[in-house]
Structures are given as structure tokens and as C-alpha cells.
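Welcome! Open your viewer, get the selection tool ready, and follow along one stop at a time.

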Amino acid sequence: MKNILLAGTALTLAACSQPADSNIGSEQPAADTEAQTQTSDADQMVNPEIWPDQQSAIGRDEAIEARIADILSQMTVEEKVGQVIQADIASVTPEEVREYNLGSVLNGGSSAPNNDNYSPPEDWLALADEFWLASTDTADGGVGIPAIWGTDAVHGHSNIVGATLFPHNIGLGAMRDPAIMEEIGEITAREMLVTGLDWTFAPTVAVVRNDRWGRTYESYSEDPAIVAEYAPRIVIGIQGQPGTDDFLSDEHMISTTKHFLGDGGTEDGVDQGSNLASEEDLRDIHAAGYPAAIAEAGIQTVMPSFNDWHGRKMHGYKELLTDVLVDRMGFDGFTVGDWNGHGQVAGCTNISCATAFNAGLDMFMAPDSWKGLYENTLAQVEDGTISMERLDEAVSRILRVKLRAGVFEAGLPSERPYAGQWELLGSAEHREVARRAVRQSLVLLKNNDGTLPLDPSLNILMAGDGADNIGKQSGGWTINWQGTDNENSDFPGGTSIYDGIAAAAEAAGGSVTLSEDGSFDDKPDVAIVVFGEDPYAEFQGDRANLDFTDDGPLETMRALQAEGIPVVSVFLSGRPMFTSPEINASDAFVAAWLPGSEGVGVADVLMAKVDGSVNHDFTGTLSFSWPKTAVDDVLNVGDADYDPLFAYGYGLTYGDEETIGDLSEDSGLGDAALVSLNTLIVAGNANSPWRMVITDGEGENQISGSTGETPSGSLSVVPADYEAQEDTSIVTWTAPARFYISGQPVDLTRQTNGDMVVEFTYQVTGDATGSTSLFTECGTDCGATLDVSGQVADLAGAGWQTSQVKLSCFAEAGLDVSKVTVPFGISSEGPLTVQIQSAEIVSNGGDADCNL
């Protein structure tokens, strides 16, 4: 989605210790999933006859079909093309929705009314009215079809300040409770209806097979059985029960299953990467959530995935989008693209992609490219590249869903049931369901000597940067896309984990001291350390490995244990990670995932009642296997070489007396992590976990496969040959734009102090007349720039160069080298063309300085 920054990992390696004796909790479920196999591209073809042969739970209605035909007969070609395009509210006005008859708008992860992610809910409802009034205006003689507004409400209505935020899907999968999924869906829909929206891009039904993927927390499980069980239940909660008057009633809204297909199975867990599974595994593992969502729940929209399957992008995969999804599996809604995903189809751009439309993509998600796409799609219909039959089919599908959802009769969003009932946002009833989900999602991995539950009358120390941090415990897709820079005050009505523990202790006469670094004046009876991953979303969350590399919490835990203080660790994460050192330094260890706004739910389980009895027991069990090492990223129950630390289905209760001995602290990485992070570009491509990103004034795009352009076309990247086939990338500026390598924050202090350099091999071709700079970044409003305009101009036409620029130069210019997110970037006003082969962080050859 929007404002893409990339993901990497930090550098510190775990120390070595004694190996564990055996797998912990190695019992497997009764129905193991098959190991994912791979086949060569040459062998791939789609066989629809092997896929489920079924029908949608929602049949055709004669009255609706007649109305579709009537509406189509009145529509101009321009109106029809407008219906198949969705624009982002940051890039479209209500007046433009009226002029172009757009079928839908969305707010991307960081789009909001007034360009303010913290806009009050009243502003959302007011803007919904504006879009509805514009789309239904028939003053120009048009039909006036209501536009529908979609959003990523992936763990509650998570863009809205004050809404109820549920645990992310990975925590919900640990509950093993399909029934509560309907409640969660109902509450999410209800709170969205308060703000006048029509449609949620949820649920995600990916089956994650490599935990390095930055969207792992959006998956319920590595086991397709859980995903298949959950998918229809949450869809029914959002849309209502098929076959009843409740379906898409005033109590419900349109739901989306995503991403079709294989997003959780890409090579190396790379977001938007390649899935090389066999067709059988694509069907049985990655498509597990779709049959029931269609046949039991009547899902109304499906979103194709960014990834490819054996080299073909899903947005243009007709055999899957049409032959399998619609013709074989009976899907009877409409497909909506992901953020400019059509532009990644071979032969396409963000503003032109008849291939995707002809393949079965019914509605383009063209957030910032919609106007050019509208013009080109219209031209393609007029010249026959897109047939009128196909256009009418797509528009009919969109109208069918809108008519089923009652949007023609619903009227002004602010006048609908629930609209403006602000008291429903984060209501006590809704929060209680979220609190219950938090309790059920927690997984107890270690509880030596019965450390938990805690006596609430004790003197408790709370440490760690997650203890009193609702934003951290809520993760990505929270108020903004990445979920970053949120304060506790941005969650009115929410509770941090500290809030919950403190309230329980106060009620019992105990005390709680909050000290992030674990320091204290009076020695506590016990310490709770809350720590883990900082918030992230696609694709910034991709990692090179599963090593949890922040040593701060580990040092705190070890220091507390050295003082004889029992340590309870609460780990916040969007995936299972290599945390054996932290588990060793804990007397009890809880995987809390990303619990959302109701941190008090953690206290409900950790704290005993005043009389010492159990308040709420642990019931959660692992829906993802826990790794022994940081390189166990492909670790799925049923695999032939399955060797976890904590097996799928593992989870202790207070009745268990299992003692966890010392675990091996060997991460299995050796020097591989350092080498991977220091290597930025290889053969013209970003080296995982780094990503190549390009941006201009209209937005940002990730580059996959060395091909792409910025939204306004100011910068393009294409592969080219140098020493081997397509071993370089040609980057061309025609106007102001930026090209860079980006990732999760990494600490380059050691490299900087060690006089290391950024070394890159390139040539400048053609004129270089624009102002050009090298830049690095360390987060928002943090970075450094070196002007190299004159040097670049001198190198134009001079052939291949290898330049070294000292990291210390960027540090002296303002880069915080302890949290580098962009280690290498080029910014130019254009025109400029640079052919790049490689970039890496290496030792100073001896004469490097701050120049090329």
C-alpha cells in the first residue's frame, strides 16, 4: 500500500550456550498439513478441474438481475469505465468522483480526511457524505450510482482514534475459537458503520509458510485448517448470515478475502515476491480460506495478491482469477485490485493495464494513478482492446454487490442506522469482547516453579518499552499504515499492559512501579518485562532472519535475575522469533503477539485473584511453530524435517508443571546476518532484506524485478545487461525523484566506527544537468545528504566507476547511525541516467572520503 519503506533487521548476534535436549511440545495435530513442494516454471499450468467445484452461498436474485440490466442500458461507456476504478481519498476529490463517475474510493493505510490520520470520526462521516452526494448527483444526466468507500479494517476499525482494536490475526489464531470471530466481525462492521463506510478489505486469509514475511501477523496460522475454519466465520460476522434477512443488512457491510493467491508462500518470505508451490499446494494450503468463504459465507469481494506464481503476477492471472475463482469455485462478487498491483503485470503500468482487466480484475485499485488509468481504459474499450462484453461483465459484478448491499437505498451515510453513534466506537461492550480475545490469545511458553499467576498484593516492577505502550502492543495497521509514532493518548479508552497490571495490584493492596530500563530503589518481589518488535506493516516488516536482536530487554532481564528477582517476560511480536536467550533469562515467558487496545486482557491472565486463585487460565496454543534458531523461517507442522523449539499446538496452562531447561543460544546465523545486511544491491537488484524504492511528488513504489516507475513517471527503473544478462538496473530521472534502498532500522555504529564505506559500481550515461545528492535516512525527519552534482556531471559518459563514500561522512552530516533505515539513496532533480550494478558496505580501501 502507500508510503512504502522497507524492512531489514538489526545486527547483534545471540551468544552461544548449551543446546536444548529435545523439541518442546512436539506433539502434532491429528491432521498435519503437507509440506510445501515446488515445481519448475516449465511444468506449471492451471488445471481448474482439480479445484473445488462449488457455488456461492448467495444465489442470483431475479429482481436484482433485472435492475442490473436496466442500469447498464442507461450507462454511457464513460460511466461504465468509472465504475471499475477506485481512487484513494488523498488523491481524489468528491468533485472528481462526480465528474468521472468513479465506482469506489478507499483510504490507504496513511490516508485520512484532512490528510490527518488523527482526524476525529465526525470528519470521516462528513467526507463519506460528500463522496455519496457527488457520486449520486444526476444533474449531468448520468445514472448516479453510489460510490462505496473501502478501508483496511484488519483488526477493528483501526484507522479511527478511539475504535476498538482486536488482537492481530496471529493472536486470534492462537485462540482456536471460531465463534468469537463472528463477534469480532460484527463489532468491526458496526464501528465502521458509525463513520459511514461501506466496505472492509478484510479478512486476510493467507497461510504463512515463511515467518520472515512482514505480514505474518495478518495470518491466523501456518496450518490451513485453522484458516479454513476462521475465514467463513469472520466473513459472516461482517456481512451477515447468507440466506437470511441479516445478510448485508443495516447491521453489516461488504467484506473482502485477500490476497488471492499465495501471498503467504513467497520465496524467502519476500513481500510481493514469487510463490513456487505446486498447484496442489497452492490449492490445499494457500487457497484454504476461499472455498468456505465463498460456499458458506458468500464473500462479496476478493482481492488479488501482489505476488506471482511461477513468474506470473496474480493481478493478470486469468486461469486463476476467472477459470478457477469464478468458473470453478463459484465466486459471485467482484475482484478488486491491491494498491496499483495491476501495474506490476507484465506489459502494464499503473496507468494502463488491459491485461489485468481482461484476466478478471473487475475493479482497479488505482489510488494515485486513477485519472490516467481511466483515460487509458476508456481508450482501450473504444479501440476494442477491452471488449464491451468484458466491461459490462465487470460493471454488472460491481452493481450486483452494490445492490445486494443496499447502497442504492441506504441514502446519505450520516442518515443510516448507527451513523454518528459515537458512543459505539470503543464501547464497553465492544472492548469486553476484545479483552476476552486478548486473554484467549496469550500462549504460555515457560512457567518454571509456578511463577505465574502473580499474587496481586506483591511489590511488582514493570520494565521494557512495551509495558506502557498501546501503540507498540497494537502493531501495524493502527491509526496509520505502519502503526508508528502513536502515543497512548491516541487510544482513548484503551489500556496498556501496565494499566491492567497496576489496576489489579491496586485493588489487592499491592504496588506496581514502572521503570522502562528496570532500575529500582526498593527491590521488587517480581518483575514483568514487556518487550518485542516495534510496529511495522508490508513490506517494511520483512526480515533477513528471525533473530530478535534488541539486547536491551535481555540485559534488563539478566540484571534482574542476578538480583534474585523472578522475571516474567511478555513478548510482543508479529511472528514467532528466535528468543532463546530471552527465554533463558525469564522464569516465565508469554507470547502475547499484538493484543491491540485492550492490554488489560494480559493482566486478567497474569494476575491471580485476591485470594490467590486463578483469575483466567491460559488457553492459547501456538498456531505457528516456534523456531530453535534464527534461520528456521520455513518451519511448518507436517514438514518432513519439522524440528521446532515449541511445536505447533504447544501452550502451557496453570495446571502444567513442565520445567524448561537451558536452551541453546546459538542463533545459527554465524556471520551471515552481517554479510546480508552489508550487501545492499546485487546484480542491479536489492538484496534481501533490503528493498528498492522509488518516489516522486505523487507517491512511492517498490521495485520488484528491476522494473518500475514512480507514480508520475518522473523516474523509471529497467533491467539491463553488463557482464551477464540483466545484471544491472538503469535508473532514469526526467524530473525530481528519489531512488533508494530501504529497510527496518539497523545499527551501523560498528561499521561507522570501523571506517567502513558505502561502495557502489555504476556508470553515468547521457547528460547529468540536475542537482544530484547521495542520501541516507534514519526515520522520519532524520538523515543526511551529500551534494554530488558536480562530480556526477563530470562522470557523465566516463564509463564504469566504483566509488566509496565513508559512512562517517553521513554521520557528520546528521545521520543517526544507530537506526539506519535507508543506507543508500540517490536524489536528483533530473535529467539523469545511472546504470547501477552493485552497492555494499565494505572496509575502506584506504583513500575513501566524502566524494565519489
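Below is a short walk through some strands and one patch of surface. Before you start, keep in mind that this is a predicted model.

**Stop 1: strand β15**

Select residues 526–532, which make up strand β15. Is this strand enclosed or open to the outside? Seven of its seven residues are buried, so β15 is largely enclosed by the rest of the structure. Turn the view to look at each face: Val526, Ile528, Val530 and Gly532 lie on one side, while Ala527, Val529 and Phe531 lie on the other. Both faces are covered.

**Stop 2: the neighbours of β15**

Now add residues 459–463, strand β13, which pairs with β15 in the parallel sense over four bridges. To find the contact, click on Leu461; its bridge partner in β15 is Ala527. Next, add residues 567–572, which form strand β16. β16 pairs with β15 in the parallel sense too, over six bridges. Here Ala527 stands opposite Val567 of β16, so keep Ala527 highlighted as you compare the two pairings.

**Stop 3: on to strand β17**

Stay with β16 and select residues 588–593, strand β17. Five bridges link β16 and β17, again in the parallel sense. Look for Ser569, which stands opposite Phe589 in β17.

How many of the six residues of β17 are buried? Six of the six are, so this strand is largely enclosed by the rest of the structure. One side carries Ala588, Val590 and Ala592, and the other carries Phe589, Ala591 and Trp593.

Add residues 443–447 to bring in strand β12, which runs antiparallel to β17 and is joined to it by four bridges. Val443 stands opposite Ala591 in this pair.

**Stop 4: a three-stranded sheet**

Move to another sheet, an open one with the strand order β6-β8-β9 and mixed pairing. Its edge strands are β6 (274–275) and β9 (312–313), each pairing on one side only. Select residues 308–309 to see β8, which pairs with β6 in the parallel sense over two bridges. Ser274 stands opposite Asp308 in β8.

**Stop 5: out to the surface**

Finally, switch on a surface display and select Asp245, Asp246, Asp250 and Glu251. Which charge do they bring together? These residues gather in a patch of negative charge on the surface. Glu251 sits in the loop between α7 (224–239) and β5 (256–260), and its relative accessibility of 33% makes it partly exposed.

Terms used. Residues are numbered from 1 along each chain as its sequence is written. This is a predicted model: local features need pLDDT of at least 70, side-chain atom pairs count only at pLDDT 80 or more; totals for chains, interfaces and linings use all residues. Side-chain values use heavy atoms; hydrogens and water are left out. Patches are made of residues with over 30% relative accessible area and no salt bridge: like charges are joined within 9 Å, nonpolar side chains (Val, Leu, Ile, Met, Phe, Trp, Tyr) within 5 Å. Accessible areas come from the Shrake-Rupley method with a 1.4 Å probe; for residues, only the protein chains shown count as cover. A salt bridge is a side-chain nitrogen of Lys or Arg within 4 Å of a carboxyl oxygen of Asp or Glu. Lys and Arg count as positive and Asp and Glu as negative; His and the chain ends are not counted. The place of a charge is taken as NZ of Lys, CZ of Arg, CG of Asp or CD of Glu. Buried means under 20% relative accessible area, exposed over 50%, partly exposed in between (1.4 Å probe, protein chains only). Two strands pair if DSSP finds at least two bridges between them.
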